[in-house]
Amino acid sequence: MLRLHGALTEAAGQLEALSTDLRSRTGAAEAAVFEAQALFLHDPALLAPIEAAILEDGLQAELAIDVVFEDTTSTLETLEDSEIRARAADLRDVQQRLIAILSGDAPPTPGTLVRDTIVVAPDLLPSETAGLASDMVRGIVLAGGAPAAHVAILARGLGIPLVVGAGDTVLQVAPGRETLLDGSTGLVLVEPDEVERTRYLSSPPPPIAAPGPSASRLETGDGRRVRLFANVGSRAEAELALRNGAEGIGLLRTEFLLATLASSHGAVPGEDALAAAYGEIYETMAGLPVVVRAMDAGGDKPLPFLDFGQEANPALGWRGIRVLLDQPDLFAAQTRALFQAAAIHDTDIRLMLPLISNLDEFRRAREIVEQVRQEAGSTLQHQFRLGVMVEVPAAALTADALAREAEFFSIGTNDLAQYTLACDRGNPRVAQLYQVLHPAVLRLIEMSVRAAHAMGRTAAVCGEAAADPDVVPLLIGLGVDELSVGAAKLPAVRQLVRSLDYVELRPRAAEALTLATADEVRALLAR
Ligand code: PEP
Ligand code: MG
C-alpha cells in the first residue's frame, strides 16, 4: 500500500511538472490535458478497488493497477463517443505512468528523434505526444486515433501537423522513407514522385484548419447537421470551449471582457487593451469562427464606466444597441479594437448586435461599423458579417425585414422569453412564468428561423435554452442550424443532439406551435 501511495505522489509531481512546462510552451488548453489526468490519481472510483485488490486479494500494486485500469479503460474504449474514448487514452496514459514509476523506469519519452521526422504510430498517448520535440518532428500520422483525442489538442498546441485514422497500412512504411504530409487535408504521400513533390512543395502549405479537439461534425441520429458553438466571456472559458470541442464561439460576451478590463484599468478600457483581449480569444480559438457580440451593457449588466442614471425599468431602458447608438464614439472605438485584433490574427470577423428592436437601429449601427471597417483598411480582405440578436419580440415579428439585411441571426432566448412573457428573467417570484416552452416563445423562434432561411441566412440559438434538454429537441425540430451553449455544457449537448431524430421532431415541433401552454408542449414531447 505504501508503494501505491508513493507512486501516486510521484505521478502527481510528474504530471504537475508536465502541465507547467506545457503551459509555458503552448498554452492552458494543452496543460489542462495533464491537469485532468492528475484528477484520476485521486479518483475514489479507481483508488478504492485498487486498494481492495491489494489489501483483500493480496495483489501487488502493479497488478492491482493493471486490473482496475484495464477494466475501466476497456469498457470506455468500446463506446462510440469520441470524448469518452479520449478519456480512455488518458486513463491508459496514467496507468503506464504509474507502472513505470513502480518498476523504476523513467517517465515515458519518445526516444531519440532525428530532425524532420514524421512520427508514424498506431496511436499516441497524451504524454507521448507532449514529449515530442516540435523542432524535430514535422508531422504525426496515426493509423488509428480520432480528431477528438487529446493527441489532437497537444499536436496543435505544439504546432505539429497531424493526420489521424490513416489505417494500418501506414504502419508498414519503413523508417527513413520520404513522406509528405498535409495536416489540413489529411494527405499522406509516401515516397512522392517528382510531379507530386513539385506540386506540394512549391506552394506554401495552406494554413492548418486547426479544428477543435472534439470539433467533429455534429449531426442528429438521422444525419441533420447541427453546429455546436460556445458562449464565452473570457479567455479561460474559450480554452474550456476548445477542450470541449466547440466548433467556434457563437457568443462572445464582450461586456464581460470590458468589465474585467475596467476593473483592472479603473476606467473605460483603451482600444489597445481591448484589442489585446479580443486577440487572446482569437488566438485561443486558432482560426475557428468567433461571433463577437457588440457591448451589451445595461439592464442586468451595468458597466462601471457608463452612467445609467436612475431607471424605473432598466430591462426596458438604456441597454444593448441603444447605448451603442447613443455613444457612437465608444461603439466605434470598440469596433476599431475588434478590427485591429482581427488584422493581427488574420481572421474573419463576425459581429452581432444586441437588443435590436427595429431595422433602423440595425442600419445606423451598420453605418458606424462600416465606417470603421473602411478606415481599418487592412481587414477589408477578410470576410466580415454583421448579424442581429433576435431577443426582442419586435425583432422576431419583423424578422423577414431584418433577414434581408442582417447576415445571420442569433436568437437570444433568455431575453426573448423575458420580453415575450413580461417576466423578469432574474426574479425568482415569477420564475414559474418564465417558460421558453411557452408556445408564444416557440412561435417567435419559428418565425425567426423561417425568415432567416428564406433569405439563406443561418439561425443560431445562443440563450440558455440551447443547452436545455427539454427545449433542444424542439429547437432542432424548428430547424435551428446552430446551438451556442456554455462551454461546460458542450459535451452533454453534443450527446443529446446525436440522440435526436430530426425527421421525427419536425412534425412534433410544428404541432407544438399549435398548442396553448408550455405544459401541453411538455406533454407532447413526453409522448
Ligand atoms: C440572451 O438574451 O439569450 C442572450 C444570449 O444574451 P444575454 O443572456 O447575455 O442577455
Ligand atoms: Mg440578451
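Trainee: Are α21 and α22 roughly parallel or roughly antiparallel to each other?

Mentor: Happy to start there, keeping in mind that this is a predicted model. Helix α21 spans residues 502-512 and helix α22 residues 518-526, and the two pack at an angle of about 160° with axes 10 Å apart. Angles over 145 degrees count as roughly antiparallel. The pair is therefore roughly antiparallel.

Trainee: And is the crossing of α21 and α22 left-handed or right-handed?

Mentor: Packed helices are described by the angle and the distance between their axes. Handedness adds to that picture here: where α21 passes α22, the crossing is right-handed.

Trainee: Let's turn to the ligand. Which residue offers a backbone N or O atom 3.1 Å from an oxygen atom of ligand 1?

Mentor: Let's take the side chains before the backbone. Arg293 has a side-chain N or O atom 2.8 Å from an oxygen atom of ligand 1, and a polar side-chain atom of Lys301 also lies 2.8 Å from a ligand oxygen. The backbone contact, at 3.1 Å, comes from Thr413.

Trainee: How much of the area that ligand 1 exposes when taken alone does the protein bury?

Mentor: Taken alone, ligand 1 exposes 280 Å². Of that, the protein buries 99%.

Trainee: Which element gives the most residues to the shell around ligand 1?

Mentor: The shell holds 14 residues, with Arg253, Arg293, Lys301, Asn414 and Arg425 the closest. By type they divide into 3 nonpolar, 4 polar and 7 charged. Two elements give two or more residues, β7 (249-253) and α17 (413-420). With 3 residues, the one that gives the most is α17.

Terms used. Residues are numbered from 1 along each chain as its sequence is written. Chains are lettered from A and ligands numbered from 1 in the order in which they are written. This is a predicted model: local features need pLDDT of at least 70, side-chain atom pairs count only at pLDDT 80 or more; totals for chains, interfaces and linings use all residues. Side-chain values use heavy atoms; hydrogens and water are left out. A residue is near a molecule or strand if one of its heavy atoms lies within 4 Å of it. A polar contact is a pair of N or O atoms within 3.5 Å; within protein, one must be able to donate a hydrogen and the other to accept it, and residues adjacent in sequence count only if both atoms are side-chain atoms. Accessible areas come from the Shrake-Rupley method with a 1.4 Å probe; for residues, only the protein chains shown count as cover. Helices (H or I, at least four residues) and strands (E, at least two) are DSSP runs, numbered from the N terminus. Ala, Val, Leu, Ile, Met, Phe, Trp, Tyr, Cys and Pro count as nonpolar, Asp, Glu, Lys and Arg as charged, and the others, Gly among them, as polar. Axes are lines fitted to C-alpha atoms, for helices over the stretch in contact, and angles run from 0 to 180 degrees between N-to-C directions. Angles under 35 degrees count as roughly parallel, over 145 as roughly antiparallel, 65 to 115 as roughly perpendicular and the rest as oblique. A crossing is left-handed if the near helix is turned anticlockwise from the far one by less than a right angle, and right-handed if clockwise.
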